Amino acid sequence: MRPLHPKPQAFPLDMLAVNRASPEHLSRQLYHGLVAIIRSRALPPGSELPSTRALAAELGLGRNTIVTAYDQLVTEGYLANRQGARPVIVDLPDGPRETPAEEPPVPLRSPSRRGQQLLSQPCHHGRPGHVAFHPGMPDASSFPFGVWGRLVARRASHGGETLFGTYDVTGHPALKEAIAGYLFSARGVRCRPEQIVVTTGAQAAFDLLARLLLDPGDTVWMEEPGYYGAKAAFTVAGAKILPIPVDQERGWRLDPPDPLPRLVYVTPACQHPLGITMRMEERLRLLDIAETANAWVIEDDFDGEYRFQGRPVPAIQSMDRSGRVIYVGTFAKLLFPALRIGFMVLPVELAGRIVNAISTTGQFAPLLLQAALADFITEGHMSRHLKRMRRIYAQRRQLFREIVTERLRDEITLSPAEAGIQVVGYLKEGIDDIKVSQAAARRAINVSPLSKYFQNTAATQGLVLGYAACDAAQTRDGVERLAAAIRETLG
């Protein structure tokens, strides 16, 4: 230990320059200067600092400025106060030494294996303003934000304490009631409100379900091509992914590979990304396989609300009699993605114990927004909005198909998908979808390469194209930019 009271040493005033023109407060400038003196050991530990009056006079500053800086240094442990005496510098450890510039830095510890898997998973979030042709992006400009703002303000003013704490972590009771009613009328889902768990989007539901239902090494059957966000959640949970091949002509090929699954993930209403709908015989076959394997089924109702040929198809959950189908939905496409509210419908036994898991993950949406959303549904705003957007999207879908077919008939063949707010464009042989997507991004066009949705089988070259957020002018301009991107790729 160094001596507590070293030989007095001149205080280094030259290290305490302050700049009165700086936007930084004078007390903060003084604080940083004193920290530098202490850390550099320009004064040894145990040295007394000048009194606040003396230092104020030396620097031409107000005494309160000196007091504020000293108090902060005492709070952080740089100085020790003594009754009736000036503060002294604390004897601090040297701390980590700075690495000389010529020496290579010491590498940081690597993340865990799970962490490395998390960091390596694919993602696609796009950029603001790049609406053409972001897959799955709804038209936020058509959302009734005036109505929404009034509902949020009303709940904020009259919500009481129940909306401003961490209560009802499985979901606001009024919203769960509203969701249960909506699901029964729109999707044929039969459930009680207590079976519904509100999440911060569908992806949060997949992550939570993967951790709840899977052990490392368990087998998951998953569509190929399929949604890489769900696949990422299962992969990080340690699951072994086996593909269920899906294509436009033959649908879901449910020939059981070995071994039988612990969990099956499907998007039957609107297959992601192909946009086809699972036939009844395939649905019954899937439930039969799940029964035989005693497996869970996650039904991701991706874009189930947007079907442009016939009526929306009822959910598989409505056919389940053994309590193994977990239905996952989101309001991202119905309303707007940044709302970050999704939900899942759990079997009764699992729903009764889920609160502990939700509390551990912290994945519960703000109650204020949930309450406003409940009002939005029960007062009829959502049904009116959905009816209007179906009409708008049907028109935009038709226009998009016409423009792409006319302008890019030699490069792209559009899939005949009957549902969803995106469409797959198959590229002609010799065109690399990743290179096209990169060239498109340089032109502010946001497309997703179809090959990204394949993990276990040979990839098909194509683009996943969202048309819903673009009006006629944006669609025409976007297709021209996409055509330029393809020309660049072809050289």
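Which residue in strand 7 is the bridge partner of Trp221? Select Trp221 and look across: the partner is Val264.

Before going on, note that this is a predicted model, where local features need pLDDT of at least 70, side-chain atom pairs count only at pLDDT 80 or more, and totals for chains, interfaces and linings use all residues. Residues are numbered from 1 along each chain as its sequence is written, and side-chain values use heavy atoms, leaving out hydrogens and water.

**Stop 1: strand 7.** Select residues 263-266 (strands, E, at least two residues, and helices, H or I, at least four, are DSSP runs numbered from the N terminus). Leu263 and Tyr265 lie on one side, Val264 and Val266 on the other, and all are buried (under 20% relative accessible area, 1.4 Å probe, protein chains only). In a regular strand the side chains alternate between the two faces of the sheet.

**Stop 2: its neighbours.** Add strand 4, residues 219-224, which runs parallel to strand 7 and is joined to it by 3 bridges (strands pair if DSSP finds at least two). Then add strand 8, residues 296-300, also parallel to strand 7, with 4 bridges. Here Leu263 stands opposite Trp296.

**Stop 3: a helix pair.** Now select helix 5 (145-158) and helix 12 (367-378), whose axes, lines fitted to C-alpha atoms over the stretch in contact, come within 9 Å and cross at roughly 125° (angles run from 0 to 180 degrees between N-to-C directions). Show the side chains for the contacts (heavy atoms within 4.5 Å): the residues that meet include Trp148 and Arg155 in helix 5 and Leu369 and Phe376 in helix 12.

Key. Buried means under 20% relative accessible area, exposed over 50%, partly exposed in between (1.4 Å probe, protein chains only).
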